[in-house]
Amino acid sequence: MKQWTQGWLSYSPKKDCGNNKFLKKISFQGFDKESVILQNAIKELEIGIAGMLSVKTEVTFEEQLETGIQIVKNNEIHSEGYNIEEKEGILTLQASDERGMLYGIYALLRQISMEKSLTDIKIAEQPGSPFRMYNHWDNMDGSIERGYSGKSFFFVKEEVVVNERTRDYCRLVASVGINAVVINNVNVVGPATYLITDRYLEKVKEMTDLFSGFGIKLFLSLNFAATIELGGPNSADPLDPEVIKWWEQKIGEVYAKIPNLGGFLVKADSEGRPGPFTYGRTQADGANMLADIIKPYGGIIIWRCFVYNCQQDWRDYKTDRARAAYDNFIKMDGDYHDNVILQIKNGPMDFQVREPISPLLGGLKKTNQMLEVQVAQEYTGHQIDVCYLIPMFKEILEFKTYCAKEHDTIADIISGRTLGNINTGFAAVINTGNDKNWTGNDLAGANFYGFGRLAYNMKLTAEEIAEEWIRQAFSNDTEVVEKVLKILMESRATYEKYTTPLGIGWMVTPHVHYGPSIDGYEYSRWGTYHRADHLGMGVDRSDKGTGYAQQYYEPNAAMYNSMETCPEELLLFFHHVPYTYTLKSGKTLIQHIYDTHFEGVEEVEAMMASWATLKGRVNEEIFTVVTERFNKQLANAKEWRDQVNTYFYRKSGIADEKERMIY
Ligand code: GCU
């Protein structure tokens, strides 16, 4: 027995739905028999079909079938995409490449797992974005930065681990269309700097090859000052010929061993990490130096834009962290070379439960862009509290930037439609660890699954994705599907209600980032303030304040600039608002804060009650783990409610109209 679960690939027995008849014989046509991806795809089909329908399949090559499944190479299909169609007893899966074929096979297995009939089926999918990527923040000592589900399964005691679990990880992520993975933390310190040396290259190669067999490119996070730390020149100046020579040799060595490595992810000049600024050089100088060297090997440099002043003085009202990514990167738009991709966090701050969309996305008009979101629940409940994030990611993708006459949404930008480029992507900081169920709270598995599905097919709705996941990972029982779907779909709004109001963010226990501490970041150096006084709260980011709203194109800039037109869920992000200000609901700001905090706790109670009715209908272990987490979530929600409400009551002196208990 494995020490870990199989998530949505558990392949437990399913109703036949008339599907058996297709599954006895499968013929591949036009694909290379020897290819590892093909071999892996066949294995997956065999175990999936045997597990779900107890059918033993016969696999043949280049045979024209009269009934069964034909998997055919067709160069007209979009790369990495697939078409599936059933006609008169023959089910045909077409793809132009092996990844598309693999994704098509997972799609077939998904249908069977969801107890959907394959008769008359017609599905066609193609990837929403060229790079669909998971970023692991795993450290070599086995700890995970912002990890809430155990330790790393990639690194144990400073060694790289490749085993059966690594293989199951590949199966899980490939099944939802992920094609790139960064295995180590963006903060590259200590032994992680040595991942590009002989100490680790052999093992990294083994992992890279395993990944390749599932169509996944392995990337490494890089220490920009590796020159210094690995005994090269005592500088990391990207224009210094000695430094360049050192990197040429280093990258040459790495690619000689691992020719199929995807490339590197770099966090430079950010939160204390080294970077080109130290040497008076630009971010483009740093990124291009590495990109030019890696280019002959087909490698990519992904350069993060999380660059801001983390030594701010809270007394300083002019400096605004929200402005930083745009201010630091917009000037060099067009200077980045073709194999550089700028990786931009979805919001201008840091993965809060509600933020506006980063104006750098689409602000850049001549530069490859990759959107970065966080599936790890750093600020959204640590995988204790349930928070299904796909609805938020959908909002981000659909945001209209007005960066072009057409194709101007975030989805357009990261698919390459806006600029006609191919080096674009969608990345998520992932929420996995070596916990038996991978994600701590089983319900967080919906985010692990959902990000991949969404990145592959941005047209899917958050409900569709959740339902797919529930059916495969939990059960096809209608009651389970309906109740869990409702819990997931409401969970982000609930979390938002009992935590920080109207887009202001933070108010969280410093460093840990779980539980309330209203002033925890108020007098800190991190640029994260709510500016509450006895009259009101919020940060003035209009043209009379920090001017952040002006970083957007019109009409967004004007919309955010005025208190009247600013979307209310972001009101306190953009404006300093009196507690007595009347919202569209007719409530004052202070009453809104009180009400939402009471509602948030009530909603958690309702979710718990709904979950409790599923005892005996979902796997016992899952039931117990989720129940324990809900108990903790309720305690957390109450703590948030009472601290936030009491804090603002004390600041404002305005009582709750409904005279509820405020301390
Ligand atoms: C957040 C997070 C850090 C992380 C950083 C990043 O600030 O708290 O742990 O290193 O983001 O994205 O680089």
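Let's walk through this structure together, from its barrel to its ligand. Keep in mind as you look around that this is a predicted model.

A good place to begin is the barrel. Eight strands form a closed ring in the order S7-S10-S11-S12-S13-S14-S15-S16, and their pairing is parallel. From one strand to the next, the twist averages 25°. If pairing is a new idea for you, strands of a sheet pair through backbone hydrogen bonds, and they can do so in a parallel or an antiparallel way.

Let's zoom in on one pair from the barrel. Strand S12, residues 263-266, runs parallel to strand S13, residues 300-304, and 4 bridges join the two. You can find leucine 265 standing opposite isoleucine 302 of S13. Helix H8, made of residues 283-294, packs on this sheet and touches strands S11, S12, S13 and S14. The direction of H8 makes about 160° with that of S13.

Now follow the barrel round to another helix. Helix H12, residues 445-456, lies across strands S7, S15 and S16. Relative to S7, helix H12 runs at about 160°.

Next, turn to strand S4, residues 82-87, where the side chains alternate. Which of them are buried? Tyr82, Ile84 and Glu86 point to one face and are buried, whereas Asn83, Glu85 and Lys87 point to the other face and are not.

Strand S4 also has partners, and here the pairing is antiparallel. With strand S6, residues 122-125, strand S4 shares 4 bridges and runs antiparallel; in this pair, tyrosine 82 stands opposite glutamate 125. With strand S5, residues 90-95, strand S4 is joined by 5 bridges, again running antiparallel. Here glutamate 85 has threonine 92 as its bridge partner. Strands S4 and S5 make a hairpin with 2 residues between them, and in this hairpin glutamate 88 takes a positive phi near 50°.

Our last stop is the ligand. Which residues come nearest to the ligand? Of the 13 residues around it, these are Glu145, Lys267, Arg304, Lys345 and Glu378. Look at how three of them meet the ligand's oxygen atoms. Glutamate 145 has a polar side-chain atom 2.4 Å from an oxygen atom of the ligand, and glutamate 378 places one 2.5 Å from a ligand oxygen. In the side chain of arginine 304, an N or O atom is 2.7 Å from an oxygen atom of the ligand. Taken alone, the ligand would expose 320 Å², and the protein buries 95% of that area.

Notes: Residues numbered from 1 in each chain as written. Predicted model: local features only at pLDDT ≥ 70, side-chain atom pairs only at ≥ 80, totals over all residues. Heavy atoms only, no water. Pairing = 2+ DSSP bridges. Axes fitted to C-alpha atoms, helices over the stretch in contact; angles between N-to-C directions. Contact = heavy atoms within 4.5 Å. Buried < 20%, exposed > 50% of the residue type's maximum accessible area, 1.4 Å probe, protein only. Near = heavy atom within 4 Å. Polar contact = N/O pair within 3.5 Å; in protein donor to acceptor, adjacent residues only side chain to side chain. Areas by Shrake-Rupley, 256 points an atom, 1.4 Å probe, with all protein chains shown as cover.
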